[in-house]
Every structure is written in structure tokens, then in C-alpha cells.
Amino acid sequence: MIAPVNPGDRLDRFRVQSLVARSGMASIFRALDLSNGNTVAIKVPHPEMECDPLFYDRFHREAEIGRKLDHPGVVKILPDEDQSRVYMAMEWVEGRPLREILDGQKTLPMDRAVRIALGICDALGYIHAHGVVHRDLKPDNIMVDAEDRIKLIDFGIARGRRPSPNVRQVHQGYGHPGLRLARAGEKQAWRRAFGHLRRRRHSLRNAGRRVAVSGA
Ligand SMILES: Nc1ncnc2c1ncn2[C@@H]1O[C@H](COP(=O)(O)OP(=O)(O)OP(=O)(O)O)[C@@H](O)[C@H]1O
Ligand SMILES: [Mg+2]
């Protein structure tokens, strides 16, 4: 079995610094790119996933789709240069997941909600125009920085223009086990955070104009 990665390890041109998150299939680390001093995020599959070809198919697709996209609202995946094992290096995204913000503040102020919603629409417009559907859009997969700029992350079950025949299978067998529950929770969270926008369409239009005019 391949060795697990730990903070302090050197992984090709990266120095692993700290563990950021751990899901059922992979760990996300903060790391330093020793070639240029940039901070990056590295997603490394758990060693026990190594014998799982469907998981690797999904992992490679995530990287492949990500590398084709170039937009400020979408996390950038770095090119893989002679990797000694399977992992994905990404730009480091400042900020925190929208989930964390919504957990702390059930209803966002109008201007803030509009700013974030417009950022999400902009990023979605871009990926859809490039033939990509995220398919796992939820507050956990939207990073928000201090200026309310957003970045979509986690294209693990995204679909591109030419879906591989395994995508559906991978999604069913290896996608998030609690996907349905997560979706129900997601809807509630969105309703809580953004529902008031629908109820106050006129204010929304004005807030949208304000945000557009202020260039936020
Ligand atoms: N590029 C990044 N920069 C900074 N933090 C990140 C980045 N990518 C992911 N993270 C952090 O790691 C968390 C989990 O990331 P991600 O959603 O990609 O994986 P996951 O949902 O755990 O895995 P998967 O759905 O592929 O099993 C995010 O919520 C975020 O806090
Ligand atoms: Mg995620």
C-alpha cells in the first residue's frame, strides 16, 4: 500500500504543511510549492483507495475538467508534472466555505447575499458555457473570501462535454453516501440564506443594481 502523506513530508516539488480537511476518499493539505514559494492545496487520495479504479477514474476526471477551466470564480488546478503518486495540486483559495458562513449566520444581509449569489451565477455561467456541469453545488463546495468573492471547488462528480461511460457508475457507487440527505439540507440552507431575496424581489432588483454599480 502507498504510504500516507503527513504534514512535513515532501511531495515532489511541494512541502506539505498542514491537514485542511479529510473526506471519505481523500485528504486536503495546505502545502508550499518550493519552485515558486506559492501556497497551494493538495488533494491526496487515501492509500486504501489505491485499488479502486472507479475512484481513480473520478479523481482524474476532476483534475482533467479543472485544468480546462480558467475563471476567477473557479479553483485552478495546477498542471501535473511527473507526479510520483496520484494527487491533485490546486491554487490555495483564501476564505471559508459558504457552509461555515451559513452555519454561523442563518440569513445573510441582502447586499451580501446578492454579491455572493451573483458571483456563483457568474462562475456557473462560465462553466456551463464550457460544457461543464458541477453536479455537487452546495455551500460546502463554494469558498467565499473576505470581500465575498467566491470560488467553486470540488469538481469530483462534475460532468464535462464528453462524459466517460463510468461517471454515472462512479457517482452511484462512490459519490457521497449521504448525497440525498445533503441535497435536502442544501436546499434548506439555501432557502434560509437566500429565500428572503425571492420574497423581496423589488429590494433585490435595487440591491443588485447597487452591487453592480459599486462594482462589487
Ligand atoms: N483549493 C483549496 N484551497 C483551500 N482550501 C481548500 C481547497 N480545496 C478544498 N479546500 C478545503 O477542503 C475542504 C474539502 O474540499 P473538497 O470539497 O474538494 O473535498 P471533499 O468534499 O472533502 O472531497 P470529495 O467530495 O472529493 O470526497 C473544503 O471545504 C475546503 O475547506
Ligand atoms: Mg466537497
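The shell around ligand 1 divides into twelve nonpolar, three polar and two charged residues; here Ala, Val, Leu, Ile, Met, Phe, Trp, Tyr, Cys and Pro count as nonpolar, Asp, Glu, Lys and Arg as charged, and the others, Gly among them, as polar. This is a predicted model, in which local features need pLDDT of at least 70 and side-chain atom pairs count only at pLDDT 80 or more, while totals for chains, interfaces and linings use all residues. Residues are numbered from 1 along each chain as its sequence is written, and chains are lettered from A and ligands numbered from 1 in the order in which they are written.

**Ligand shell**

Ligand 1 is surrounded by 17 residues, and the closest are Ala-21, Ser-23, Ala-41, Val-93 and Asp-154. A residue counts as near a molecule or strand if its C-beta atom, placed from the backbone, lies within 6 Å of it. β2 (14-22) and β3 (26-33) are the elements that give two or more residues to this shell. Helices (H or I, at least four residues) and strands (E, at least two) are DSSP runs, numbered from the N terminus. Domain 1 (15-91) and domain 2 (96-215) each supply at least three residues to the shell; the domain bounds come from an automatic or database domain assignment.

**The five-stranded sheet**

Five strands form an open antiparallel sheet in the order β1-β2-β3-β4-β5. Two strands pair if DSSP finds at least two bridges between them. β1 (10-11) and β5 (88-91) stand at the edges with a single partner strand each, so one side of each has no neighbour in the sheet.

β1 and β2 run antiparallel and are joined by two bridges, with Arg-10 opposite Arg-15 in β2. β2 and β3 pair in the antiparallel sense over seven bridges and form a hairpin with three residues between them. Within this pairing, Val-16 has Ala-31 in β3 as its bridge partner, and Ser-18 has Arg-30 in β3.

**Positive phi values**

Most residues other than glycine have a negative phi. The table lists residues with a positive value.

| Residue | Phi | Place |
|---|---|---|
| Asp-12 | near 50° | hairpin of β1 and β2, two residues between the strands |
| Arg-135 | near 70° | loop between α3 (110-129) and β7 (142-144) |
| Asp-154 | near 65° | loop between β8 (150-152) and α4 (167-174) |

Asp-154, one of the closest residues to ligand 1, is buried, with 21 other C-beta atoms within 10 Å. Arg-135 is partly exposed, with 14 other C-beta atoms within 10 Å. A residue is buried if 20 or more other C-beta atoms lie within 10 Å of its own, exposed if 12 or fewer, and partly exposed in between, with C-beta atoms placed from the backbone.
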